[in-house]
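This briefing goes through one protein model, topic by topic. Please keep the sequence and the structure at hand while reading.

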Amino acid sequence: MKLADRMSRIGTESAFEVLSKARALEKQGKHIIHLEIGQPDFPTPAHVREAGKRAIDEGWTGYGPTAGFPDFREAIAGYISRTRGIPVAGENVVVVPGGKPIMFFTMMAVVEPGDEVIYPNPGFPIYESVINFLDAVPVPMPLVESRGFSFDLDLLESKLSPRTKMVVLNSPANPTGGVIPREDLRRIADLLRDRDVLVLSDEIYSRIYYEDEPTSITQFDGMLEKTIILDGFSKTYSMTGWRLGYGVMPVSLAKAVDLLMVNSNSCTASFTQRAGLAALEGPQECVNEMVREFRRRRDAIVTGLNAIPGFRCSVPAGAFYAFPNVTGTGLPAGDLADLLMNEAGVACLSGTAFGSYGEGYLRFSYANSLENIAEALERIRKVSERWAAVGRAG
Ligand SMILES: Cc1ncc(COP(=O)(O)O)c(C=O)c1O
């Protein structure tokens with residue numbers, strides 16, 4: 001079978017590959033602690049599960065409107081207006097199966113071959129994959145560890161060109177846990193306001209933060225009209241498998257994304273949307289409790305990683321990932337991740353899974369229990385004698 005040429009340009013998400021490698025080792029009887037997976041380890045809140053079950057029983061099992069049920073789009077618009085302090089309406093919202101399709105559909109709708117797209121590196125790998133798939137020009141922006149993994153803003157300015165079509169922002173970020181400071185966003189807005197560019201603002205971790213509440217770039221003058229907010233239910237309400245997300249965007253683009261939905265999915269599952277409505281309108285204590293637990297784990301894993309020879313881990317301000325700098329081990333990040341999996345039974349991801357500027361880092365998801373995190377740290381500490389000994393000899 002000869003695949004279309006464009007398939008040679010599409011990328012992947014290696015988290016899924018590492019997960020299947022870990023599962024294969026488990027089949028052979030090896031015990032693995034999973035710190036590679038990017039999904040909350042909590043069940044979907046009970047009232048949301050109940051709403052989903054009730055919706056099936058009540059017959060929400062047929063096709064719905066392609067862009068989502070009107071009352072659900074209105075509820076999302078209300079939620080975004082409240083949480084971001086911006087005026088958006090239901091017609092700005094397109095409901096899709098997960099946050100990911102918003103990347104694909106919005107880039108598909110606006111990016112031409114040869115257009116330049118600026119995106120964070122290390123960053124969520126699907127940005128770069130879709131940019132390449134569309135034959136556009138990827139312009140990776142390295143993240144600066146000493147700036148809490150934000151951009152070097154002078155570098156950003158120098159990368160903007162007449163061909164720049166889109167700038168992707170992700171805050172709080174995967175894989176670094178970084179939150180872009182408000183002042184940085186103000187300057188980015190100043191750089192972009194008068195240019196013919198769009199911003200894809202991936203805010204899927206918007207509710208998972210430990211310091212100041214993250215700012216959305218849409219709050220700055222002139223930015224709402226040129227920004228797509230990507231958000232959804234996967235992380236906030238622990239609903240990764242329900243497949244429920246949305247984009248908030250100018251109406252003309254919302255219509256284009258709706259057309260792409262007609263041509264691909266027809267609609268997002270109806271009962272899933274009813275569960276989403278219950279999540280938005282119901283009690284939010286479940287989210288607060290999840291974030292409190294993530295904070296305890298964050299503090300434990302950061303302290304533990306900093307005690308490992310060759311590791312240096314800054315404190316992430318959001319999401320549920322620790323992203324230690326491991327250059328002190330003297331090992332390439334990919335080799336170190338393999339060694340931790342095979343020798344310590346700890347699954348994590350190499351920073352290079354998120355782009356070339358991820359070399360020298362590992363990503364640990366702390367969506368796992370405090371006990372398992374403690375055990376993983378102990379196992380890593382034991383195998384660290386290998387590189388620590390080489391370091392001492394060298
Ligand atoms: C930064 C970022 N954006 C989007 C997504 C996609 O979320 P969903 O599972 O809702 O498609 C993820 C999931 O890992 C993510 O880390």
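In which helix is Arg274 found? Arg274 belongs to helix H9, which spans residues 270-281. The model is a predicted one. The points below cover buried polar side chains, the nonpolar cores, the ligand site, backbone geometry and some pairs of residues at a distance in sequence.

**Buried polar side chains**

- Arg274 in helix H9 has a relative accessible area of 14%, so this residue counts as buried, the cut-off being under 20%.
- The side chain of Arg274 is joined to that of Asp71 by a polar contact of 2.7 Å.
- Ser201 is part of strand S6, which covers residues 198-202.
- With a relative accessible area of 5%, Ser201 is buried.
- A polar contact of 2.7 Å links the side chain of Ser201 to the side chain of Glu203.

**Nonpolar cores**

- In soluble globular proteins, nonpolar side chains tend to be buried together.
- The largest nonpolar core has 92 residues, and the members that touch the most others are Ile301, Phe311, Leu362 and Phe364.
- Helix H10, residues 285-306, supplies the largest share of this core with 7 residues.
- There is also a second, separate core of 24 residues, with Phe151, Leu160, Ala189 and Val199 among them.

**Ligand site**

- The ligand sits in the largest pocket.
- There are 14 residues around the ligand, and those that come nearest are Gly99, Asp202, Tyr205, Ser234 and Lys235.
- Two backbone approaches to the ligand can be listed: a backbone N or O atom of Gly99 is 2.8 Å from an oxygen atom of the ligand, and a backbone N or O atom of Lys100 is 2.9 Å from an oxygen atom of the ligand.
- Tyr205 approaches through its side chain, where an N or O atom lies 2.8 Å from an oxygen atom of the ligand.
- On its own the ligand has 390 Å² of accessible area, of which the protein covers 93%.

**Backbone geometry**

- Most residues other than glycine have a negative phi, and most peptide bonds are trans.
- The peptide bond from Asn121 to Pro122 is cis, with omega near 5°.
- Pro122 lies in the loop that runs between strand S3 (116-121) and helix H5 (125-133).
- A cis peptide bond is also found from Asn174 to Pro175, where omega is near 10°.
- The loop that holds Pro175 is between strand S5 (164-170) and helix H7 (182-192).
- Phe149 is not a glycine, yet its phi is positive, near 65°.
- Phe149 is placed in the loop between strand S4 (137-142) and helix H6 (153-159), and at 7% relative accessibility this residue counts as buried.
- Arg243, another residue other than glycine, has a positive phi near 60°.
- The loop between strand S7 (227-232) and strand S8 (245-248) contains Arg243.
- Arg243 has a relative accessible area of 34% and is therefore partly exposed, as this value falls between the 20% and 50% cut-offs.

**Loop between helix H3 and strand S2**

- Pro87 is located in the loop between helix H3 (70-84) and strand S2 (93-96).
- Is Pro87 buried or exposed? Pro87 counts as exposed because its relative accessibility is 68%, and the cut-off is over 50%.
- From C-alpha to C-alpha, Pro87 and Glu128 are 31 Å apart in space, with their positions 41 residues apart in sequence.
- Val88 is located in the loop between H3 and S2.
- Val88 counts as buried, at 14% relative accessibility.
- Val88 and Ser252 are 164 residues apart in sequence, and their C-alpha atoms are 14 Å apart in space.

**Strand S2**

- Val96 has its place in strand S2.
- The relative accessible area of Val96 is 0%, so Val96 is buried.
- How many residues apart along the chain are Val96 and Gly247? They are 151 residues apart along the chain, and their C-alpha atoms are separated by 7.9 Å.

Conventions: Residues numbered from 1 in each chain as written. Predicted model: local features only at pLDDT ≥ 70, side-chain atom pairs only at ≥ 80, totals over all residues. Heavy atoms only, no water. Core = buried A, V, L, I, M, F, W, Y, C linked by side-chain atoms within 4.5 Å. Buried < 20%, exposed > 50% of the residue type's maximum accessible area, 1.4 Å probe, protein only. Helix = DSSP H or I, 4+ residues; strand = E, 2+ residues; numbered from the N terminus. Near = heavy atom within 4 Å. Polar contact = N/O pair within 3.5 Å; in protein donor to acceptor, adjacent residues only side chain to side chain. Areas by Shrake-Rupley, 256 points an atom, 1.4 Å probe, with all protein chains shown as cover. 1 Å grid on protein atoms, 1.4 Å probe; cavity = no way out; pocket = protein on both sides within 12 Å on 5 of 7 lines; lining within 4 Å. Sits in = over half its atoms within 2 Å of the grid points.
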